[in-house]
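Me: I've got a model here that I'd like to talk through. Mind taking a look with me?

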Amino acid sequence: MKPWIKKYQPKELSDIQGQDTAVKQLKESIANFKKTKKATLLYGPTGSGKTATAHALANGLDLEIIEVNASDTRNKEEIENLVGSAATQMSLFNKGKIILLDEIDGLSGKKDRGGISAITKVIEKSAFPIILTANDPWDSKFSTLRKKANLIQFHTLNYLSVLAVLKRICINESVKYDESTLKSMARMAGGDLRGAINDLQMISQDKKTLLKEDLDQTSQRNKTQSMISALMKIFKTMDPQIALTAFDDVEEDTNKRFLWLDENIPKEYTKPKDLAIAYNYLSKADVFHGRIRRWQHWRFLSHINALLTAGVALSKDEKYKEFIKYAPTKRILKLWRANMTYQKRKAIAIKIAEKTHTSLKETTKNIPYIQAIFKKNKQMADEITTEFELDPQEVDWLKK
Ligand SMILES: Nc1ncnc2c1ncn2[C@@H]1O[C@H](COP(=O)(O)OP(=O)(O)OP(=O)(O)O)[C@@H](O)[C@H]1O
Ligand SMILES: [Mg+2]
């Protein structure tokens, strides 16, 4: 089963959707690489076509592509080994070459590891154009590198571009869809075409149809996925800077974040001391949360985030090595059930209060006695049911 993102990978630059300006700038940058800068840094959100564009360019110009995924390499030796020699030697097949250093975000700027300085050196030596990709090039560790490269922005794909690609795939794979469902799917992608194509494949590859209800599941799955990654970030780091960004891609609101943390902290942190500190931060965050709710002090939001992320992350002395399956909270469900119970009780109490001319408060207090009657005395229960016109669900509730 071939992934559709591979099967429908753009072959030529003309296949790249919705990034016309970037594509044009890239062509110019590569054409002039000897005159101006040898390196081009493509940056922008995930799934917007950076890597695909580099490949399409090489393919269209019939260039050999030397690719290193920088997120797999650890240090400068590795980068020098992988691309250092390729950058200066002619291609075996006498083709032109292009060097792609993909996903440099994670590289270290520190002297000892020096991944970024190794790249800078490769750029200086290289006889071929170099394409770099990153999501966020504005980190200070890239300041030298930024000067050595032409920066080209890939913007978040709009839903029409996403829609166009999804449609083409549906037609080609004979997947039945209706326009509005596919549109919602394209909107839900938030500009991440890779994600959208993967979702489409998962949903419709076997069934050959795309149904509206599939979308709800997908969006729930995506939300859960991003929440789980966020928890992973918080629990498995000791670095406050990393932890602080954990919720950046999470759509769920502060309430949900609380509940997820509340549910999973005891799964991850098993030492009582760590647990106590983590819950202390959680409760401090809750204090700020209350102030926002009561007084609309929105500036407390950043405190809440810091306490929930960096606070919880630093509650431990050392990382726990076990792999934990983080689970969604059951709390919401419990609250809902409690709420339903409360509603039933209230509905029954209202009926009784009206007929007996008693206050609602007084009647509510007496409901447990009525429950006892329903458990023990069938005849009396029947009489009460008739007298107060209780419906079958209310009777069930009283019997529980
Ligand atoms: N603009 C686009 N036009 C056509 N197809 C695209 C475009 N963007 C993404 N795709 C499709 O999505 C897949 C993933 O895109 P790509 O790997 O280029 O994203 P990226 O920008 O490099 O993301 P990341 O930052 O996560 O590495 C591609 O293989 C291609 O099938
Ligand atoms: Mg990429």
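Me: Which of the 23 residues around ligand 1 come nearest?

Reply: Bear in mind that this is a predicted model. The shell around ligand 1 holds 23 residues. Those that come nearest are Thr46, Gly49, Lys50, Thr51 and Ala52.

Me: And which domains does the shell around ligand 1 draw at least three residues from?

Reply: The chain is split into domain 1 (4-153), domain 2 (159-210), domain 3 (226-313) and domain 4 (331-399). Helix H3 (50-60) and helix H9 (193-204) each give the shell at least two residues. At least three residues apiece come from domain 1 and domain 2.

Me: How do the residues of that shell around ligand 1 divide into nonpolar, polar and charged?

Reply: Lys50, one of the residues that come nearest to ligand 1, counts as charged. Over the whole shell, the split is nine nonpolar, eleven polar and three charged.

Me: Now helices H12 and H13: are they roughly parallel or antiparallel?

Reply: H12 covers residues 254-268 and H13 covers residues 272-295, and their axes sit 11 Å apart at an angle of about 165°. Angles over 145 degrees count as roughly antiparallel. So H12 relative to H13 is roughly antiparallel.

Me: What residues meet where H12 packs on H13, and how do they divide?

Reply: H12 brings Thr254, Phe258, Leu261, Asp262, Ile265 and Pro266, while H13 brings Leu275, Ala278, Tyr279, Leu282, Asp286 and His289. By type, that contact comes to eight nonpolar, two polar and two charged.

Me: Is the crossing of H12 and H13 left-handed or right-handed?

Reply: These are the two helices with axes 11 Å apart. Their crossing is left-handed.

Conventions. Residues numbered from 1 in each chain as written. Chains lettered and ligands numbered in written order. Predicted model: local features only at pLDDT ≥ 70, side-chain atom pairs only at ≥ 80, totals over all residues. Domains from an automatic or database assignment. Near = placed C-beta within 6 Å. Helix = DSSP H or I, 4+ residues; strand = E, 2+ residues; numbered from the N terminus. Axes fitted to C-alpha atoms, helices over the stretch in contact; angles between N-to-C directions. Parallel < 35°, antiparallel > 145°, perpendicular 65-115°, else oblique. Left-handed = near helix turned anticlockwise from the far one by under 90°. Contact = placed C-beta atoms within 7 Å.
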